[in-house]
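Me: I'd like a close look at one part of this model, and then a walk outward from there. Keep it informal, please, but spell out the cut-offs as you go.

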Amino acid sequence: MSQFQPVIKWSGSKRSQATTIASHTPLFNRYYEPFVGGGSIAYAISPDKGVCGDICKPLINLWRSIQSDYESLYEQYKIRWERLQNEGYLVYYEIRDNFNKNHDSNDLFFLSRTCVNGLIRFNKNGDFNNSLHHTRKGIEPERLKSVLSDWSERLQGIEFFSGDYWETTQDVKSGDFVYLDPPYFNTKGRYFGTIDFERFIDYLDSLNSKGVKYALSFDGMRGDTDYSVELPTKLYKQHLMVPSGNSSFKKVMDKKCEAVYESLYLNY
Ligand SMILES: C[S@@+](CC[C@H](N)C(=O)[O-])C[C@H]1O[C@@H](n2cnc3c(N)ncnc32)[C@H](O)[C@@H]1O
């Protein structure tokens, strides 16, 4: 399971921790994930019924296309990818301009598979601004088709919602389960959107009052340094440290590996 391919590469993806996090999932009625990003936990859990949301609207539109019509996404990727191979790099920038005008999911998907490190990145105006990855061709359409079909199948039970986390989970009830992976509070601008810490604490409080189970991924530890953000102890029952791979930055800078752990808080 830890080897699964991402369909959308996303900054802050929990892919390397997905199996561990999914193994802590309680029994639930409906699954909610209001900071869905690249969807690795939704994929690992593959719920029968649930709602996933994100503040990033183009991302949610892309999830809807993957879920409802992955074959057309594949066909459209193939057309763009073949043009890139035959006509050269200007095709990428033409498609990027089109996306920034029309917000077509087919364009965003192509860009995400051919841009530098495959990372979807927007500027302050919401324009996609990553460049073409010149030394890579982008994934072959046929290989991508099977990744798309696999993800589409695993996400069939999910309804995608574009908006703030409070809205995505507004109808949660006791018996439902919410997985939370908010942007880091102490690294403004690292992800799309930032969130207010006090408001988020009120939110966790409201889930507790409704008797809703949640798991929360949070800042953690690198080497001996603790980057945890203090979470009021009344809000949770367990605090686990989940290994999330080694820090590649440290590896390059100091030629040594430091273990990186991220916090997982459970209120059950
Ligand atoms: C750490 S990423 C989630 C990564 C995801 N777990 C994965 O495996 O790819 C945090 C996400 O929160 C979203 N976000 C930021 N502010 C938000 C808000 N107020 N409401 C909902 N989503 C928000 C960002 O767009 C981003 O996708």
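Where does His 103 lie, and between which helices is its loop?

Reply: His 103 lies in the loop that runs between α4 and α5. Before going on, a word on ground rules: this is a predicted model, in which local features need pLDDT of at least 70 and side-chain atom pairs count only at pLDDT 80 or more, while totals for chains, interfaces and linings use all residues. Residues are numbered from 1 along each chain as its sequence is written, and side-chain values use heavy atoms, with hydrogens and water left out.

Helices here are DSSP runs of H or I with at least four residues, strands are E runs of at least two, and both are numbered from the N terminus. His 103 comes just after α4 and takes a positive phi of about 55°, in a residue other than glycine. His 103 is partly exposed, at 41% relative accessible area. On that scale, buried means under 20%, exposed means over 50%, and partly exposed is what falls in between, using a 1.4 Å probe and protein chains only.

Now step back into the helix itself. α4 covers residues 90–102, and at 1.5 Å a residue its 13 residues should span 18 Å; the end C-alpha atoms are 18 Å apart, which agrees. (The expected span is 1.5 Å times one less than the number of residues.) Its buried residues are Val 91, Tyr 92, Ile 95, Arg 96 and Phe 99. Looking down the axis of α4, these buried residues fall within an arc of 135°, so they line one face of the helix. That arc is taken from the directions between the helix axis and the C-beta atoms.

What do they pack against? The buried residues of α4 pack against α3 (57–87) and α5 (105–114). Turn the helix around, and the face pointing away from the buried side carries the exposed residues Leu 90 and Lys 101.

Further along, there is another positive phi to look at. Asn 117 has a phi near 55°, and this too is a residue other than glycine. Asn 117 sits in the loop between α5 and α6 (141–154) and is partly exposed, with a relative accessible area of 45%.

On to the ligand. It is surrounded by 21 residues, and the closest are Trp 10, Gly 38, Ser 40, Asp 54 and Asp 181. A residue makes that list if one of its heavy atoms lies within 4 Å of the molecule. For polar contacts, the rule is a pair of N or O atoms within 3.5 Å; within protein, one must be able to donate a hydrogen and the other to accept it, and sequence neighbors count only if both atoms are side-chain atoms. One ligand oxygen is 2.7 Å from an N or O atom in the side chain of Trp 10. A ligand oxygen is also 2.8 Å from a polar backbone atom of Lys 14, and a ligand nitrogen is 3.2 Å from a polar backbone atom of Ile 55. Taken alone the ligand exposes 610 Å², and the protein buries 98% of that. These areas come from the Shrake-Rupley method with a 1.4 Å probe, and for residues only the protein chains shown count as cover.

Lys 14 is worth a second look. It lies in the segment before α1 (18–23) and is buried, at 4% relative accessible area. Setting aside residues up to four places away in sequence, Lys 14 touches Ile 21, Ser 40, Ile 41, Tyr 179, Asp 181, Ser 217 and Glu 262; touching means heavy atoms within 4.5 Å.

Asp 176 is another buried residue, with a relative accessible area of 2%. It is found in the loop between α7 (165–168) and β4 (177–180), and its side chain reaches the backbone nitrogen of Lys 173 at 2.8 Å. Among the residues Asp 176 touches are Phe 28, Arg 30 and Val 212.

Over in strand β2 (residues 50–54) you'll find Val 51, which counts as buried at 12% relative accessibility. Val 51 and Tyr 31 are 20 residues apart in sequence, yet 6.4 Å apart in space, C-alpha to C-alpha.

Finally, the whole chain: it has nine helices and eight strands, and 48% of its 268 residues count as buried.
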